[in-house]
Amino acid sequence: MEFIGIAPARRQNFPPPVLKALTQSAARRPARRPVLQIEKLQLRRGDTIILDDISWRVERGQHWVILGANGSGKTSLLRALLGYFTPTDGKMVLLGRSFGRTDWRALRKHVGWVSSSVRQLMAEEETALETVVSGKFAMIDLWRRGSPADRRRAQQLLRRVECAALAERPWRVLSMGEQQRVLIARALMATPRLLILDEPCAGLDPAAREHFLQFLQRLIRRESSPTVLLVTHHVEEIVPGFSHVLLLHSGRVLAAGKTSATLTARALSRAFNARIALVKSGDRFALTVSPRPDRML
Ligand SMILES: Nc1ncnc2c1ncn2[C@@H]1O[C@H](COP(=O)(O)OP(=O)(O)OP(=O)(O)O)[C@@H](O)[C@H]1O
Ligand SMILES: [Mg+2]
């Protein structure tokens, strides 16, 4: 399989009505189509094979957790999905559009992305409300002021992420947990069909992490929720509602499928190259890592 690659932005200069039709027709795709379908994806840079033979299908109504050791390829896979990392081989269909045959920038408008790199891009003095409003235009790289209707919607989204009281607070004073929620509201501003969260709990204290996870659980329970892909290292962060798990190891798929069948001590031990015991307590998971015999005193 061969990638045609994304045509450079300058050559894909669609006039606004064409762009609108393109994005609207993507939004009207029949519900049966998968949100994402990847076949035999490979990503190589120089001599390094970062991702290899990745096949993965995400259906509507599913929410996925992506687990894997440091360097296993989680962020690279997400960057490939977003069109920031051009694969060297394979096929990728996102929201019914094939990579290489579509203006991926227009498609990105339907994908929300929350990560530490996005967090660092926010303007320090902008209020939480302005930060959310800017999400309407962020994915198509335009800067515009929001209309009164946009501000009302941003206010509504801040309520939805339980941060209404923060609307007028500058970004720089928000706690990390508050910033994560505001970023999710910002991503929701564009009404995405896919929401990608790359380690959203990194840096949160235990209580803030648990509050965030409870919030995430409420978010994905809503029927109107976009499909969520959550990258994490911690099985404790898999709240009910995450129906599926993708396990990556050295740039390859180790296991993929329903959480109940895929998340096993054996699979995790292989993914993290350690002896892992997995415990299910209520509807949540926990794990312990046995010390390696060669490291024992
Ligand atoms: N542009 C690049 N050129 C060469 N190697 C790269 C490039 N980008 C990433 N890599 C390598 O690909 C591997 C996967 O990196 P990636 O950031 O996707 O891992 P990750 O699973 O997100 O890890 P972490 O859990 O630490 O965030 C790493 O070994 C990294 O050094
Ligand atoms: Mg990463």
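Guide: A residue goes into the shell around a molecule if its C-beta atom, placed from the backbone, lies within 6 Å of that molecule. Keep in mind that what we have here is a predicted model.

Visitor: Fine. Which residues surround ligand 1?

Guide: Arg45, Thr48, Ile50, Gly68, Asn70, Gly71, Ser72, Gly73, Lys74, Thr75 and Ser76 do. Strand 2 (48-58) and helix 2 (74-81) are the elements that give two or more residues to this shell. Helix 2 has the largest share, with 3 residues.

Visitor: What makes the shell around ligand 1 polar, nonpolar or charged?

Guide: Let's go by the classes. Gly counts as polar here, while Arg and Lys count as charged and Ile as nonpolar. On that basis the shell holds 8 polar residues, 2 charged and 1 nonpolar.

Visitor: Why is helix 2 called largely enclosed?

Guide: Being buried takes 20 or more other C-beta atoms within 10 Å of a residue's own. In helix 2, 7 of the 8 residues pass, so the rest of the structure largely encloses this helix. Those residues are Lys74, Ser76, Leu77, Leu78, Arg79, Ala80 and Leu81. Just after helix 2 comes Gly83, with a positive phi of about 80°.

Visitor: How many residues of the protein count as buried overall?

Guide: Of its 297 residues, 37% do. They belong to a protein with 10 helices and 12 strands.

Visitor: What share of the contacts in the protein joins residues at least 24 apart?

Guide: If you take the contacts between residues at least 6 apart in sequence, 68% join residues at least 24 apart.

Visitor: How do you know that helix 6 has the span it should?

Guide: You take 1.5 Å times one less than the number of residues. Helix 6 (residues 148-160) has 13 residues, so 18 Å is what it should span, and its end C-alpha atoms are indeed 18 Å apart. Helix 7 (residues 176-188) can be put to the same test: 13 residues, 18 Å expected, and 18 Å from the first C-alpha to the last.

Visitor: Which residues of helix 6 are buried, and what makes you place them on one side or on several?

Guide: Ala154, Leu157 and Leu158 are the buried ones. They cover an arc of only 105° around the axis, and therefore sit on the same side of helix 6. In general, an α-helix has 3.6 residues a turn, so residues three or four places apart point the same way. On the other side of helix 6, Pro148, Ala149 and Arg152 are exposed. Just after this helix, Glu162 takes a positive phi of about 65°.

Visitor: Why is helix 7 called mostly covered?

Guide: Count the residues that are buried: 12 of its 13. The list runs Gly177, Glu178, Gln179, Gln180, Arg181, Val182, Leu183, Ile184, Ala185, Arg186, Ala187 and Leu188.

Visitor: What makes a set of residues a nonpolar core, then?

Guide: The members must be buried, come from a list that includes Ala, Val, Leu and Ile, and be joined through C-beta atoms within 7 Å. The largest such core has 69 residues, and Ile66, Ala128, Val132, Leu158 and Ala185 have the most contacts inside it. Its largest share, 6 residues, comes from helix 7. Ala185 is in contact with Val132, Leu157, Leu158, Arg160, Val161 and Cys163, leaving aside neighbours within four places in sequence.

Visitor: Why is Lys40 called partly exposed?

Guide: Exposed means 12 or fewer other C-beta atoms within 10 Å, and buried means 20 or more. Lys40 has 13, so it falls in between. This residue lies in strand 1 (residues 36-45) and has a positive phi of about 50° without being a glycine.

Visitor: And what puts Asp53 in its exposure class?

Guide: Asp53 has 14 other C-beta atoms within 10 Å, so it too is partly exposed. Asp53 sits in strand 2, and its phi is positive, about 55°, although it is not a glycine.

Visitor: How do you know that Glu210 is neither buried nor exposed?

Guide: Its count is 15 other C-beta atoms within 10 Å, so partly exposed is the verdict. Glu210 is in helix 8 (residues 206-221). Its C-alpha atom is separated by 8.3 Å from that of Glu237, 27 residues apart along the chain.

Visitor: Where is the place of His234?

Guide: In the loop between strand 8 (227-232) and strand 9 (244-249). With 16 other C-beta atoms within 10 Å, His234 is partly exposed. Cys201 is 33 residues apart from His234 along the chain, yet 9.5 Å separates their C-alpha atoms.

Definitions and conventions
Residues are numbered from 1 along each chain as its sequence is written. Chains are lettered from A and ligands numbered from 1 in the order in which they are written. This is a predicted model: local features need pLDDT of at least 70, side-chain atom pairs count only at pLDDT 80 or more; totals for chains, interfaces and linings use all residues. Helices (H or I, at least four residues) and strands (E, at least two) are DSSP runs, numbered from the N terminus. Two residues are in contact if their C-beta atoms, placed from the backbone, lie within 7 Å. The arc is that of the directions from the helix axis to the C-beta atoms.
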